[in-house]
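The following note is offered to a colleague who is meeting this structure for the first time. The points are numbered for ease of reference.

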Amino acid sequence: MAQLLVTGGAGFIGSNFVHYAHQHTDHYITVLDKLTYAGNRESLAGLPEDRVSFVHGDVADAELVDKLVAGADSVVHYAAETHNDNSLDDPEPFLRTNLIGTFTLLEAVRKYGVRYHHISTDEVYGDLELDDPGRFTEASPYNPSSPYSSTKAGSDLLVRAWMRSYGVAATISNCSNNYGPYQHVEKFIPRQITNVLRGARPKLYGEGLNVRDWIHADDHSSAVLMILENGRIGETYLIGANGEKDNRTVVELILTIMGQPADAYDHVPDRTGHDLRYAIDATKLRDELGWRPRYPDFEQGLAATIEWYRDNESWWAPAKDATEAFYARLGQ
Ligand code: NAD
Ligand code: DAU
């Protein structure tokens with residue numbers, strides 16, 4: 001049984017990955033998570049103690065990280081500050097966790113010769129024009145826009161340097177926008193679903209023409225596991241499922257599925273420096289590793305996600321008021 005250390009495993013994608021890896025491997029999984037506002041132990045409820053353990057701590061705590069990495073066969077690093085609007089409001093935690101946290105893990109995997117997989121985002125490549133026929137590939141130049149995406153870009157570059165300079169056995173994946181269960185209500189899709197569930201109107205930044213390339217969190221997890229097991233050391237893989245949709249279309253779909261008029265939403269002031277469009281070309285992942293998404297139908301996945309939020313109000317309700325108070329302060 002391999003020992004897998006998963007950082008940020010109480011967050012949205014990390015917890016989905018822990019459930020997925022528990023189901024699809026026999027690894028013993030240790031979750032390291034600081035339980036910031038974005039972490040929730042309830043997202044790991046139901047997982048057996050003989051397969052999954054939880055350590056409450058910071059990825060930037062070198063002593064703790066050294067101890068945990070010493071006992072691991074592989075590390076998958078999800079922990080991060082992840083929300084663009086927060087990074088515009090207060091960038092400091094993003095530098096600490098995303099840069100110093102990654103540096104701390106890299107030093108430990110270097111010391112113990114442990115396999116490392118780095119979770120990153122398509123936002124490191126900046127944005128595409130709405131009418132650009134192109135999509136991001138592994139060869140796209142780094143051009144991040146926000147404090148969040150610049151710290152993720154910096155963390156990717158640290159990994160590349162540690163691979164080349166110290167021979168760290170690592171892979172990197174850059175994924176597009178995820179949706180699914182356990183996503184914090186600050187993010188676009190859960191915010192709108194929970195607004196409707198509470199009788200409030202969805203909030204669309206600007207005209208809502210910005211495009212995101214949606215992928216179900218389980219499809220992200222299957223790709224990460226495949227890269228961890230069969231990816232070539234030193235390589236970067238882009239993960240995406242051809243799910244491009246503009247924000248207005250997504251809000252209208254949510255309203256329609258939830259039995260509301262499709263135009264029952266508000267326009268609010270746009271995000272500063274708002275990236276126009278992300279789109280992923282995942283040819284390398286598909287051709288080299290044979291990966292295929294299992295949830296290619298966005299509308300079906302969205303309907304299931306809406307059901308999950310309907311059924312799990314006790315999971316999201318404690319965070320809703322504080323999140324909306326934050327947006328109210330921004331006028332969004
Ligand atoms: P999230 O905000 O839902 O969860 C982040 C988790 O990290 C939380 O559990 C939090 O408690 C933990 N954490 C934060 N700082 C920490 C620290 N210093 N030490 C230990 N734990 C800490 O994030 P998410 O949306 O699940 O994103 C996870 C990863 O995936 C991030 O690296 C993000 O950049 C990347 N990613 C996200 C998306 C997306 O659509 N959400 C897409 C591509 C890549
Ligand atoms: O592309 C991957 C990235 O996707 C990840 O790296 C980030 O961690 C993750 O947060 C996400 O970034 P975005 O900024 O794209 O996600 P967010 O959910 O914040 O917003 C999605 C789109 O919806 C974006 O164009 C802004 C818009 N939006 C967002 C909110 C919260 C709205 O129109 N209204 C809203 O209320």
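1. Which residues does UniProt assign to the feature "domain: NAD(P)-binding"? The unreviewed entry places this feature at residues 5-303; such annotations may be inferred rather than shown by experiment. The end C-alpha atoms of that span lie 32 Å apart, and the span is 39% helix and 17% strand. Helices (H or I, at least four residues) and strands (E, at least two) are DSSP runs, numbered from the N terminus.

2. The model is predicted: local features need pLDDT of at least 70, side-chain atom pairs count only at pLDDT 80 or more, and totals for chains, interfaces and linings use all residues. Residues are numbered from 1 along each chain as its sequence is written, chains are lettered from A and ligands numbered from 1 in the order in which they are written, and side-chain values use heavy atoms, leaving out hydrogens and water.

3. Ligand 1 is surrounded by 28 residues (a heavy atom within 4 Å), the closest being Ile 13, Asp 33, Thr 82, Tyr 148 and Lys 152. Polar contacts are pairs of N or O atoms within 3.5 Å. An N or O atom in the side chain of Lys 152 is 2.7 Å from an oxygen atom of ligand 1. A backbone N or O atom of Lys 34 lies 3.0 Å from a nitrogen atom of the ligand.

4. Tyr 148 and Lys 152 also appear among the buried residues of α5 (under 20% relative accessible area, 1.4 Å probe, protein chains only). The 20 residues of this helix, 147-166, should span 28 Å at 1.5 Å a residue (times one less than the number of residues), and the end C-alpha atoms are 28 Å apart, which agrees. The buried residues of α5 pack against α3, α4, β5 and β6. Just after the helix, Gly 167 has a positive phi of about 70°.

5. The largest nonpolar core (buried Ala, Val, Leu, Ile, Met, Phe, Trp, Tyr and Cys residues joined through side-chain atoms within 4.5 Å) has 32 residues. Phe 17, Val 18 and Tyr 78 are among those with the most contacts inside this core. Another core, of 24 residues, lies apart from it and includes Val 250 and Leu 253.

6. Val 250 and Leu 253 are among the buried residues of α8, residues 247-257. At the start of α8, a side-chain oxygen of Asp 246 reaches to within 3.2 Å of the backbone nitrogen of Arg 248. Gly 259, which follows α8, has a positive phi near 75°.

Terms used. Buried means under 20% relative accessible area, exposed over 50%, partly exposed in between (1.4 Å probe, protein chains only). Contact means heavy atoms within 4.5 Å. A polar contact is a pair of N or O atoms within 3.5 Å; within protein, one must be able to donate a hydrogen and the other to accept it, and residues adjacent in sequence count only if both atoms are side-chain atoms.
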